[in-house]
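Welcome to my notebook. I kept these entries short so that you can follow along with the model open beside you.

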Amino acid sequence: MPTQPSPAVRETDVLIAGGGPCGLMLANELGRRGVRCLVVDAKADTAFNPQANATQARTMEHFRRLGFAHEIRALGLPADHPTDIAYFTRYAQHELSRISLPTAAEALVRIKSMTGSWSAAELPHRVSQKFVEQALRRHAQGWPSVEVRYGCTLERFADDGASVSATVRPADGAAAQEVRAQFLVGADGARSLVRRRLGIEWGGVTGIQREFMGGKMFAIYLRAPAFLSALPHAKAWMYVAVNHQRRAFMASVDGVSEYAFHAAIRPDEDADNWTEEDARRVFAEAVGVEIPIQILSMGTWLAGHALVAQKFQRGRVFVAGDAAHLFTPTGGLGYNTAVEDAVNLGWKLASVIQGHAPAALLDSYEAERKPLAERNTAYARRFADSVGLFSAKPELEHASAQGEAERERAARHFNEHARLEFNIPGVTFGGRYDASPVIVGDGATLPPDEPNAYTPTASPGGRPPHAWLDDGSSLYDHFHSEWTLLALGSEAPDTAAFESAAKALSMDLRVVRMAQPSLRELYEAPLALIRPDQIVAWRGEPATDAQSVLMRVIASVTPTTRKIQ
Ligand SMILES: Cc1cc2nc3c(=O)[nH]c(=O)nc-3n(C[C@H](O)[C@H](O)[C@H](O)COP(=O)(O)OP(=O)(O)OC[C@H]3O[C@@H](n4cnc5c(N)ncnc54)[C@H](O)[C@@H]3O)c2cc1C
């Protein structure tokens, strides 16, 4: 007979270690489905430091699916603040090159008429992670089944095959809490206790050395109200300093006076022991003149990782986000990949816990997300090579013909580089799960996977092609929150077999009919099955064996599913 837990044991369905973007997004995915979860985070609150600066378009589409993309887009820079990425020798000296991207206000308007690679429901948004985390936390806590506890550390856990027991310790000295959960997710960041205790090693590479974005970096979160008046150039969002003395980049946090500044450290420097005076000196080097600053925080971090955990799951325990993959932040992919892990795992955990899918569905998390992490870390590495291996010669700053020639060389390089790193529809929309056991592939020839171009395809395994409808709404806004069967074209394909098979399998499937011939053409099939994470699981003709398709996409081997105990 199973032993009854003592009342002191806190029961939940999913224990999430880590309340960063990954853990909080997972809590949102579970909470909206009524799944009980407890998020614990060792820190007192969400992040104080700005960290990630860029929310990619696919992440914004997921925020839209959850109903709060508009709220995120209102965070960070003022709506009319430029989002340019600009390269300088030093901020107060020569500008080398610049790429202009839409402001938050423009993004909302422009997206409605963009086609091809940028045919999407949302454009990217420049906002510090610290603001996104606050919004994710607020929304997670709005779900009755979610509890979020900051100041609470996961100390130990054990998976006995039937459940996971864990000890979490509050920072305020209160007694440790025993927790029993059906599943544990380690969204506990780069130094993940969960990954280490599971004995999961990193794969990939680390310690890559480059002049910039490879080696130790010194970060300063600062206030510099005089910065814009010291800048003899147009305002930007990202300011990159390229000179022989020291490379650096800086993102505007609030569009007014707060900045996240990061400088490369030379191997002979001991930045771990740097004082505020050192911080002011290093910042002044990048600006080219001294301006007053208020330091809000400072510290070092390491660039040069392209690491992916060798396993994403052991039994009832998963790792996700930085616990599962570690990026060099070029391209802004770490937090975005972390959010997509949560999106992928969330509906699968909910389906299994609520008895709509067998536990085998959870195996597809690693099968889908590990290759994606390998792909994305490789892209970030390529961007880091492009920006970081450029050699800034002393002549770059000389007032001479040679200096001019050097600046022209740098301008050409960074013009090209900026377009490689900051216009990445292919990276954000083009991730695919072709080898997944729960995707019914159709063998179509796929467009190439490339960073700067994206060719929509409804071939199962990828993001559904997007379209704006005649009433101005996004096709995605019509997708059901769980399974959607798109029935396309004026001839209204028969969906009865899918509807009855879904009923038998207790799958929450909604048929969405769209008569426009253009959508039928875009999807190249009359029927397309869209997963809860907005991935095409199957497409085809009405005559297909609906039951076997639906069983495959939830990893079922029997025509009925059973709630796991
Ligand atoms: C300078 C810089 C710039 C970046 N820019 C970008 C960018 O533009 N775009 C982008 O996508 N990414 C960027 N990143 C990466 C991004 O910040 C991370 O990928 C992201 O924070 C990962 O989210 P996460 O939730 O997986 O982990 P984290 O944000 O690290 O959260 C993990 C949480 O777990 C908690 N925790 C740890 N151990 C325990 C424990 N035992 N018990 C309880 N809680 C625990 C921690 O307190 C932490 O809050 C950048 C990173 C850096 C350093």
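How do the residues of the shell around the ligand divide into nonpolar, polar and charged? I looked this up before anything else, and I found 14 nonpolar, 12 polar and 4 charged. A word of care for everything below: I am reading a predicted model.

**Entry: around the ligand**

I counted 30 residues surrounding the ligand, and the closest are Asp41, Lys43, Gln129, Asp322 and Tyr335. Then I asked which elements supply at least two residues each to this shell. My list has helix H1 (21-31), strand S2 (37-41), strand S8 (152-159) and helix H9 (334-353). H9 gives the most, with 4 residues.

Next I looked at backbone atoms beside the ligand. A backbone N or O atom of Ala42 sits 3.1 Å from a ligand nitrogen. For Asn53, a backbone N or O atom is 3.0 Å from an oxygen atom of the ligand. Gly334 also has a backbone N or O atom beside a ligand oxygen, at 3.1 Å. How much of the ligand does the protein bury? On its own the ligand exposes 990 Å², and I noted that the protein buries 86% of that.

**Entry: strand S1 and its partners**

I moved on to strand S1 (residues 9-17). Here 7 of the 9 residues are buried, so S1 is largely enclosed by the rest of the structure. Which way does S1 pair with strand S10 (residues 177-186), parallel or antiparallel? I found the parallel sense, over 8 bridges. To see one of these pairs, I went to Leu15, whose bridge partner in S10 is Leu184.

S1 also runs parallel to S2, and 4 bridges join the two. On that side I saw Ile16 standing opposite Val39 in S2. S2 is already in my notes as one of the elements that supply the ligand shell.

**Entry: Arg58**

I then picked out Arg58, which has its place in helix H2 (residues 57-65). Is Arg58 buried or exposed? I call Arg58 buried, because its relative accessibility is 3% and the cut-off for buried is under 20%.

What does Arg58 touch, leaving aside residues up to four places away in sequence? My list reads Glu340, Thr428, Phe429, Arg463, Pro464, Tyr476, Asp533, Gln534 and Ile535. With Gln534 there is a polar pair: a polar atom of the Arg58 side chain lies 2.6 Å from the backbone oxygen of Gln534.

**Entry: the hairpin that holds Gln534**

Gln534 made me curious, and I followed it into the hairpin of S23 and S24. This hairpin has 5 residues between its strands, and Gln534 takes a positive phi near 55° there. Strand S23 (residues 527-530) pairs with S24 in the antiparallel sense, over 4 bridges. One pair I checked is Leu527 with its bridge partner Gly540 in S24. In strand S24 (residues 536-540), 5 of the 5 residues are buried, so the strand is largely enclosed by the rest of the structure.

**Entry: a three-stranded sheet**

In what order do the 3 strands of the open antiparallel sheet come? I wrote down S11-S17-S20. Its edge strands are strand S11 (202-205) and strand S20 (325-326), each pairing on one side only. Strand S17 (residues 306-309) and S20 run antiparallel, joined by 2 bridges. Within that pairing, Leu307 has Leu326 in S20 as its bridge partner.

**Entry: three loop residues**

I finished in the loops. Where is Gln51 found? I located it in the loop between S2 and strand S3 (54-55). Gln51 has a positive phi near 50°, and it is a residue other than glycine. With 47% relative accessibility, Gln51 counts as partly exposed.

Ser506 lies in the loop between H13 and strand S22 (509-514). Its phi is positive too, about 50°, although Ser506 is not a glycine. I noted Ser506 as partly exposed, with a relative accessible area of 33%.

Ser490 belongs to the loop between strand S21 (483-488) and helix H13 (496-504). Its relative accessible area is 63%, and Ser490 is therefore exposed, since the cut-off is over 50%. How far apart are Ser490 and Lys216? I have 274 residues in sequence and 59 Å in space, C-alpha to C-alpha.

Key:
Residues are numbered from 1 along each chain as its sequence is written. This is a predicted model: local features need pLDDT of at least 70, side-chain atom pairs count only at pLDDT 80 or more; totals for chains, interfaces and linings use all residues. Side-chain values use heavy atoms; hydrogens and water are left out. Buried means under 20% relative accessible area, exposed over 50%, partly exposed in between (1.4 Å probe, protein chains only). A polar contact is a pair of N or O atoms within 3.5 Å; within protein, one must be able to donate a hydrogen and the other to accept it, and residues adjacent in sequence count only if both atoms are side-chain atoms. Contact means heavy atoms within 4.5 Å. Two strands pair if DSSP finds at least two bridges between them. A residue is near a molecule or strand if one of its heavy atoms lies within 4 Å of it. Accessible areas come from the Shrake-Rupley method with a 1.4 Å probe; for residues, only the protein chains shown count as cover. Ala, Val, Leu, Ile, Met, Phe, Trp, Tyr, Cys and Pro count as nonpolar, Asp, Glu, Lys and Arg as charged, and the others, Gly among them, as polar.
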